[in-house]
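This report walks through one protein chain, from a single surface position to the overall fold and then to individual helices. Please keep the sequence and the structure in view while reading.

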Amino acid sequence: MLLLGAVLLVEQRTGSLAFAGLASGCQAIGESLGTMAQGWLLDRYDKRMPFMAAAVLSMIAVVLLLAADSPVTLVGCFFLLGLSTPPIAVWMRGVWPRLYPDAPRLHALGASWEMLVSCFVTLLGTLLLAGS
């Protein structure tokens, strides 16, 4: 959904689909790099530290995005936003076994429910974003 948001926002502000595609691509690259880095941090440290850092970085990226006025700044903000996107679905797969250690059936049920909600939010958000 963030990729579509990048394309729509940058194209609206700059009038350039080239910069919109660049922003979308930079966001995807940032998300790939950020997911790897956050996964490494999640394996080595307390779970709160990487997510708190990602939340602060995301807030900074959003504030910069709102204030951005040049295409290059917009592209950089979307890269930063992608870099700070937390891998919630991956993290939740590791949380279910700790929440319910004696109920392995609930692990699959919880993961299924989380994925269903995530997909629903993605679809609904995309429809709302495209309609605005």
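## A surface position and its patch

In this predicted model, V121 is partly exposed because its relative accessible area is 45%, a value that lies between the 20% limit for buried residues and the 50% limit for exposed ones. The residue belongs to helix α6, which runs over residues 104-131. V121 and G34 are 87 residues apart along the chain, and their C-alpha atoms are separated by 22 Å.

V121 also takes part in a nonpolar surface patch of about 730 Å², which is made by W113, L116, V117, F120, V121, L124 and L128. Another member of that patch, V117, likewise lies in helix α6, and with a relative accessible area of 36% V117 is classed as partly exposed.

## The chain as a whole

The secondary structure of the protein chain consists of six helices and zero strands, so that the pattern read along the sequence is α-α-α-α-α-α. Taken along the principal axes, the C-alpha atoms fill a box of roughly 55 × 35 × 20 Å.

Of the 132 residues in the protein chain, 27% count as buried. The chain exposes about 8400 Å², and carbon and sulfur atoms supply 74% of that area. Where contacts join residues at least 6 apart in sequence, 63% of them connect residues at least 24 apart.

## Helix α1

Helix α1 covers residues 2-14, and its 13 residues should span 18 Å at 1.5 Å a residue, which agrees with the 18 Å between its end C-alpha atoms. Which residues of α1 are buried? They are G5, A6 and V10, and because they cover an arc of only 110° around the axis, they are placed on the same side of α1.

The cover over the buried residues of α1 includes α2 (17-44), α4 (71-83) and α6. Just after α1, G15 takes a positive phi of about 80°.

## Helix α3 and its two sides

Helix α3 comprises the 20 residues 48-67, for which a span of 28 Å is expected at 1.5 Å a residue; the end C-alpha atoms are 29 Å apart, in agreement with that expectation. The buried residues in α3 are P50, F51, A54, S58, A61 and L65. Seen down the axis of α3, these buried residues fall within an arc of 85°, and therefore they line one face of the helix. On the other side of α3, the exposed residues are R48, M52, M59, V63, L66 and A67.

One of the buried residues, S58, has its place in helix α3. Why does S58 count as buried? Its relative accessibility is 18%, and the class takes in values under 20%. When residues up to four places away in sequence are not counted, S58 touches L81 and S84.

## Helix α6 and its buried residues

Helix α6 has 28 residues and reaches 41 Å from its first C-alpha to its last, which is close to the 40 Å expected at 1.5 Å a residue. In α6, the residues H107, G110, E114 and G125 are buried.

E114, which lies in helix α6, is buried with a relative accessible area of 15%. Leaving out residues up to four places away in sequence, E114 touches A89, M92 and W96. The C-alpha atoms of E114 and D43, which are 71 residues apart along the chain, are separated by 21 Å.

## The loop leading into α6

Y100 is located in the loop between α5 (88-99) and α6. Is Y100 buried or partly exposed? With a relative accessible area of 38%, Y100 is partly exposed.

Apart from its neighbours within four places in sequence, Y100 is in contact with L106 and H107. Y100 and G110 are ten residues apart in sequence, and the distance between them, C-alpha to C-alpha, is 9.8 Å. Both H107 and G110 are among the buried residues of α6.

Notes
Residues numbered from 1 in each chain as written. Predicted model: local features only at pLDDT ≥ 70, side-chain atom pairs only at ≥ 80, totals over all residues. Heavy atoms only, no water. Helix = DSSP H or I, 4+ residues; strand = E, 2+ residues; numbered from the N terminus. Buried < 20%, exposed > 50% of the residue type's maximum accessible area, 1.4 Å probe, protein only. Patch = residues over 30% accessible without salt bridge, like charges linked within 9 Å, V, L, I, M, F, W, Y side chains within 5 Å. Areas by Shrake-Rupley, 256 points an atom, 1.4 Å probe, with all protein chains shown as cover. Salt bridge = Lys/Arg side-chain N within 4 Å of Asp/Glu carboxyl O. Expected span 1.5 Å × (residues − 1). Arc of directions from axis to C-beta. Contact = heavy atoms within 4.5 Å.
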